[in-house]
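Welcome, and please have your viewer open with the selection panel at hand. We will go from stop to stop, with something to select at each one.

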Amino acid sequence: MQHESTPDTSPIPRGRSLPPEQTLLSVRGLQKIYRTDAGDIEAVRNLTFDLGKNELTCLVGPSGSGKTTLLKCIAGLLEPTSGTVMLDGKAVTGPPKKMAVVFQEYGRSLYPWLRVDANVELPLRNAGVPKAERRQLVAEALESVGLSHVPKSYPWQLSGGMQQRVAIARAIAYKPEILLMDEPFAAVDAQTRADLEDLVRSIRKQLGVTVLFVTHDIDESVYLAERVIILSSSPTVVQEDLVIDLPEQRDQLETRALPRFTELRHHVYEQIQLAKKGFRPDAAQAQAPVR
Ligand code: ADP
Ligand code: MG
């Protein structure tokens, strides 16, 4: 397939494979076919990638490319048609204990009749964590997301951004090894979104948690991640696994003003445009993406 590409100034590094001792999550040949009355829908065809320990990876791809499907399979909420998901060397067959998920619809994920602290505490209570330890973990989680001052508020008394902080606090309270986030900031304003992005980076650093973050926002993916996995259109394969070689210390103004940031976002944008046009790295006639 032919496509136009503007010349760039420096090579874009591609993804790399990880040795087993550095790998936390391993997805191998994942396929998901939805069986519906109207026929079969092959949402995900063949996904293979590893996530490193303490790595922050963003997953981008056209709408309908199977990002949510993939996350549900990883979270053990949906059974793959074929292929495997391994966490810490063990096959995922149901929701793993050491995994937490934050979805976009925080409004629906928090219980309106429970105060902030009780919302954060609920999964700990369900897991049978003793009361004193629960209190401690809830206090730490609220501190991490900057909400120590509102433990007794109800979710509906808080702004959208604060509600999403509550959802994040609930996810990190039981100290997961891996945090999956599915377009978590799609519904908040730009300033709040920037603050929440920085919060995710600081939490990752503070807790040493592995993060897989789905977003349709290209700038967000480059700003947040050490690595961006670009998905093809459905039926989905990995189109590119890109290392984001920006300095570890990120800053909303400075990082986004770096020439390298612009190059990387340009590259991801181009790849998604290709995906939308139906480019597939697995198609027989397709060439490898330019560069
Ligand atoms: P994304 O999150 O990238 O927008 P999804 O994973 O939501 O994509 O959907 C991928 C494809 O699978 C779409 O074609 C969608 O219509 C289809 N799909 C998702 N969920 C279901 C379902 N429960 N039953 C049938 N098809 C589904
Ligand atoms: Mg989705």
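## Stop 1: helix 1

Select helix 1 and look for its buried residues, which are K67, T69, L70, L71, C73 and I74. Buried means under 20% relative accessible area, exposed over 50% and partly exposed in between, with a 1.4 Å probe and protein chains only. Helix 1 is mostly covered, with six of its eight residues buried. Helices (H or I, at least four residues) and strands (E, at least two) are DSSP runs, numbered from the N terminus. Just after helix 1 comes G76, which has a positive phi near 75 degrees.

A word on what you have loaded: this is a predicted model, in which local features need pLDDT of at least 70 and side-chain atom pairs count only at pLDDT 80 or more, while totals for chains, interfaces and linings use all residues. Residues are numbered from 1 along each chain as its sequence is written, chains are lettered from A and ligands numbered from 1 in the order in which they are written, and side-chain values use heavy atoms, with hydrogens and water left out.

## Stop 2: the shell around ligand 1

Now select ligand 1 and show the residues near it, where near means that a heavy atom of the residue lies within 4 Å. Which residues surround ligand 1? They are Y34, T36, I41, A43, P62, S63, G64, S65, G66, K67, T68 and T69.

Colour this shell by secondary structure. Strand 1 (23-36), strand 2 (39-52) and helix 1 (67-74) each supply at least two of its residues. Helix 1 gives the largest share, three residues.

Next, colour the shell by residue class: four residues are nonpolar, seven polar and one charged. In this scheme Ala, Val, Leu, Ile, Met, Phe, Trp, Tyr, Cys and Pro are nonpolar, Asp, Glu, Lys and Arg are charged, and the others, Gly among them, are polar.

Three distances are worth drawing here. From the side chain of K67, an N or O atom is 2.9 Å from an oxygen atom of ligand 1. T68 also has a side-chain N or O atom 2.9 Å from a ligand 1 oxygen. For Y34 the partner is a nitrogen atom of ligand 1, with 3.4 Å to an N or O atom of the side chain. On its own, ligand 1 has 560 Å² of accessible area, and the protein covers 61% of that. Accessible areas come from the Shrake-Rupley method with a 1.4 Å probe; for residues, only the protein chains shown count as cover.

## Stop 3: T236

Keep S65 and G66 on screen and add T236, which is in strand 10 (residues 236-243). Is T236 buried or exposed? At 0% relative accessibility, it counts as buried. Leaving out residues up to four places away in sequence, T236 touches A43, V44, R45, N46, L47, S65, G66 and L231. Contact here means heavy atoms within 4.5 Å.

## Stop 4: helix 6

Move on to helix 6 (residues 190-207), where you will find R204. With 5% relative accessibility, R204 is counted as buried. A polar atom of its side chain lies 3.3 Å from the backbone oxygen of N54. Beyond neighbours within four places in sequence, the contacts of R204 are N54, E55, L56, V209, V211 and E226.

E197 is in helix 6 too, and it is buried, with a relative accessible area of 3%. Which side chain makes a polar contact with the side chain of E197? That of Q252, at 3.1 Å. A polar contact is a pair of N or O atoms within 3.5 Å; within protein, one must be able to donate a hydrogen and the other to accept it, and residues adjacent in sequence count only if both atoms are side-chain atoms. Setting aside neighbours within four places in sequence, E197 is in contact with F185, E220, Y223, L224, Q252 and R256.

## Stop 5: helix 8 and the full view

Select L264 in helix 8 (residues 259-276); at 0% relative accessibility, L264 counts as buried.

Finally, zoom out. The protein has eight helices and 10 strands. Its C-alpha trace spans about 60 × 50 × 40 Å along the principal axes. Buried residues make up 50% of the 291 residues. The accessible surface comes to about 13,900 Å², and 53% of it belongs to carbon and sulfur atoms.
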